[in-house]
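Subject: Structure for you to look at

Dear colleague,

Please find below the structure I said I would pass on to you, with my notes set out underneath. I would be glad if you read them with the coordinates open.

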Amino acid sequence: MRKKNWSMLLILGWIPQFMMSQNTNISTENWLSSPGIIGTFVLIAIVMVVAVIILLVKLNGYIDTLKRKQHNKNKMAFDDEIIAMDKGEIDFILEKRKAALTYKLSGDELGGENEAEDEKGLIHRIDNKPNNAFFDEKKKTTLSIETPEALKKIVIYYIGAAAFWLVLGTFIGQYLGMKFLWPEMDHQSWLSFGRLRPVHTNMVFWGWSSLAMIGLGYFVIARTSNTVIHSPKLAWTGWFLINATITLGSLSLMAGINNGGGEYREYIWPIMLLFAIALIITFFNFYKTVAKRKISEIYISNWFILAALIWTIVLAIIGYLPFYQDGLGETVIQGYYMHQGVGMWFMTFTLGLVYYYLPSSLNKPIYSYSLGVLAFWTQMLFYTMIGTHHFVFSPLPWWLQTVAIVFSAGMAIPVIAGTTNFFMTMRGSWSHISKSYVLPFFLVGTIFYFVGSMQGSLQAFRFTNYVWHFTDFNVAHSHMTMYGIIAFFLWASIYAILPKITGKEPPQVLVGAHFWLAFIGLFAYMVSLMAGGTYKGLSWIEGNAFIESVILMRPYWVWRAIGGSLMFISHLVFVYNFYYMVKNYRKVETEVKLKEVEKITV
């Protein structure tokens, strides 16, 4: 008994020593055979395959359109031929047509106790388990009549402000991308890379993504609760506070007034306080709306949206508390803040939007409520502890780094659960790809949700972290997630709902231009920086001079600029599409009582 106790004490004493010991003797001779490297290649290949499939489907739809036009042309030619016939020939053709029209089925050809036969060749396909959902892409919905004017304006103005910050923020990002190739472009301090880079990131984070999410969220909260928004005035207050935050924050950063080197928390605390107040107001508004819902259940979307707001309010407070901002404590908080911002604000909120807008755009329910609940709780569990994987091989405790890596691997559970739920919801509706670009936006967002999240887990492993971290590869990964997942999901949701509440649909050719420019631009952007970042990391490991890694990155930065240019052009197309959808949109005119007008039905 004593021996067992001593053995247990030795094991417990040895584990901390093992976890805290650091071994940085990592060989890069066979770096291509690393599981993390191979896994990343496989994930990128998945994106390429999906792109080819979407392109082939779109081309097939275009060919079908050409065939229909040719068929109509042949029909017109046949009509002309009939006009040129004599009376006897026409009578013969009409008699044959009359005989065909009078033919009737007896009713038991494909049923009854007899064996099924198809003597006339009428059957094209037999399916014992039909799963195809029926929907009419061009059908005008009456949803606009059921949506209060106040809610319409909230959604439109939030998305409109988001679109403005998207164009301005990515224009700055494009300018910064050009600076990698022509660093002598300017000599103004307020245009320097160190000042403009946080302007770009914060503008697209808090301006574009956050405003678009909240605007779309207001519609989801009201719609799924079968009630009206608790307070439109609070919604407008939040809108003004967030826009004031972005404006003041951008001006202060360009003036050199910042919060230090903490990524995504460069705004000084008085300015960021405005954003925190806006979040608190928004959470209160959402919570009160859900609390007075007309149905007993709380839809899964509201779980994600309310949780995202709660976590981000806590995150903003912790990220700016002064007694956390010293020494290694600041490093830990930085990892926590940075990853929680991406995962518990943007990702969690956006997933909540997808759980509503994806099934509603396909006119079918979400595949599995249980999978949604599993994804929700595992997201809450694993995402909270992964921030430290950005500081592997740092002076932070080895056990803390190990915990971050383990929890990063655990993120496979919510990612696979969510991806499966979305794909199974799309099942049977793939023909929708050839009819509209809403499903392709959702499809690409789902693919990147799986690929980007899994690639992040692979990058957390010590070897891949050793090669890729602090290189341009991280920039590629962040765009794969924040752009490939968040932006594509937001665009999908916007194109799914705006035509229904305004009664105006944008030209599909322009929506297609937006989709392909954004997708091809992102792919060129991320692949070039992934390749260049890999060579840069290997160059550092070999001990080469830093300037050599800068020189070898030049051709990859050229492709970065090309990809970024395509992405920026796509944003201009998106802004035009948004303007087209909201300009002089159809307003509700009804003689029903006010409280009946403001009633929303699910």
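The largest cavity in this predicted model has a volume of about 40 Å³, and the structure holds two cavities of 30 Å³ or more. Its lining is made up of Trp206, Met272, Phe275, Leu279, Thr312, Leu315, Ala316 and Tyr337, and the elements that contribute two or more residues to that lining are helix 8 (269-291) and helix 9 (300-320). By class, the lining of the largest cavity divides into seven nonpolar residues, one polar residue and no charged residues.

The second largest cavity has a volume of about 30 Å³, and the residues that line it are Phe304, Leu351, Tyr355, Ala375, Gln379, Gly418, Phe422 and Tyr449. Two or more residues of this second lining come from each of helix 10 (327-362), helix 11 (369-382) and helix 13 (412-426). Six residues of the lining of the second largest cavity are nonpolar and two are polar, while none is charged.

As for the overall fold, the protein has 20 helices and zero strands, and 50% of its 602 residues count as buried. Of the contacts in the protein with a separation of 6 or more, 83% are between residues 24 or more positions apart.

Helix 6 is the element I would ask you to turn to next. How does the distance between its end C-alpha atoms agree with the span expected for its 33 residues? Helix 6 covers residues 193-225, and at 1.5 Å a residue it should span 48 Å; the end C-alpha atoms are 46 Å apart, which agrees. There is nevertheless a kink of about 30° in helix 6, centred on Ser210. Helix 6 is also mostly covered, with 29 of its 33 residues buried.

One residue of helix 6 that I looked at in detail is Val204. Val204 has a relative accessible area of 13% and therefore counts as buried, the cut-off being under 20%. Leaving aside residues up to four places away in sequence, Val204 touches Gly169, Thr170 and Ser209. The C-alpha atoms of Val204 and Ile246 are separated by 9.5 Å, although these two residues are 42 residues apart along the chain.

Helix 6 is followed by Asn226, which has its place in the loop between helix 6 and helix 7 (232-254). Asn226 has a positive phi of about 55° although it is not a glycine, and in general most residues other than glycine have a negative phi. Phe393, which is not a glycine either, has a positive phi of about 70°, and its place is in the loop between helix 11 and helix 12 (398-410).

In helix 7, the 23 residues should span 33 Å at 1.5 Å a residue, and the end C-alpha atoms are 33 Å apart, which agrees. Against which elements do the buried residues of helix 7 pack? They pack against helix 5 (149-179), helix 6 and helix 8, and among these buried residues are Trp239, Ile242, Asn243, Ile246 and Leu253. Just after helix 7, Gly256 takes a positive phi of about 90°.

Asn243, which has its place in helix 7, is perhaps worth a separate look. Is Asn243 buried or exposed? At 11% relative accessibility, Asn243 counts as buried. With residues up to four places away in sequence not counted, Asn243 touches Ala161, Trp165 and Leu211. The C-alpha atoms of Asn243 and Ala161 are separated by 7.8 Å, and the two residues are 82 residues apart along the chain.

A second asparagine within a helix is Asn474, which lies in helix 16 (residues 472-502). Asn474 is buried as well, with a relative accessible area of 18%, and, again not counting residues up to four places away in sequence, it touches His390, Gln459 and His469.

With best regards

Technical notes. Residues are numbered from 1 along each chain as its sequence is written. This is a predicted model: local features need pLDDT of at least 70, side-chain atom pairs count only at pLDDT 80 or more; totals for chains, interfaces and linings use all residues. Side-chain values use heavy atoms; hydrogens and water are left out. Helices (H or I, at least four residues) and strands (E, at least two) are DSSP runs, numbered from the N terminus. The expected span of a helix is 1.5 Å times one less than its number of residues. The bend at a residue is the angle between axes fitted to the seven residues ending there and the seven starting there. Buried means under 20% relative accessible area, exposed over 50%, partly exposed in between (1.4 Å probe, protein chains only). On a 1 Å grid over the protein atoms alone, a cavity is a set of points where a 1.4 Å probe fits but cannot get out, and a pocket is an open set with protein on both sides within 12 Å along at least five of seven lines; lining residues have an atom within 4 Å of a point. Grid points are joined across faces, edges and corners, and a volume is the space filled by probe spheres set on the points. Ala, Val, Leu, Ile, Met, Phe, Trp, Tyr, Cys and Pro count as nonpolar, Asp, Glu, Lys and Arg as charged, and the others, Gly among them, as polar. Contact means heavy atoms within 4.5 Å.
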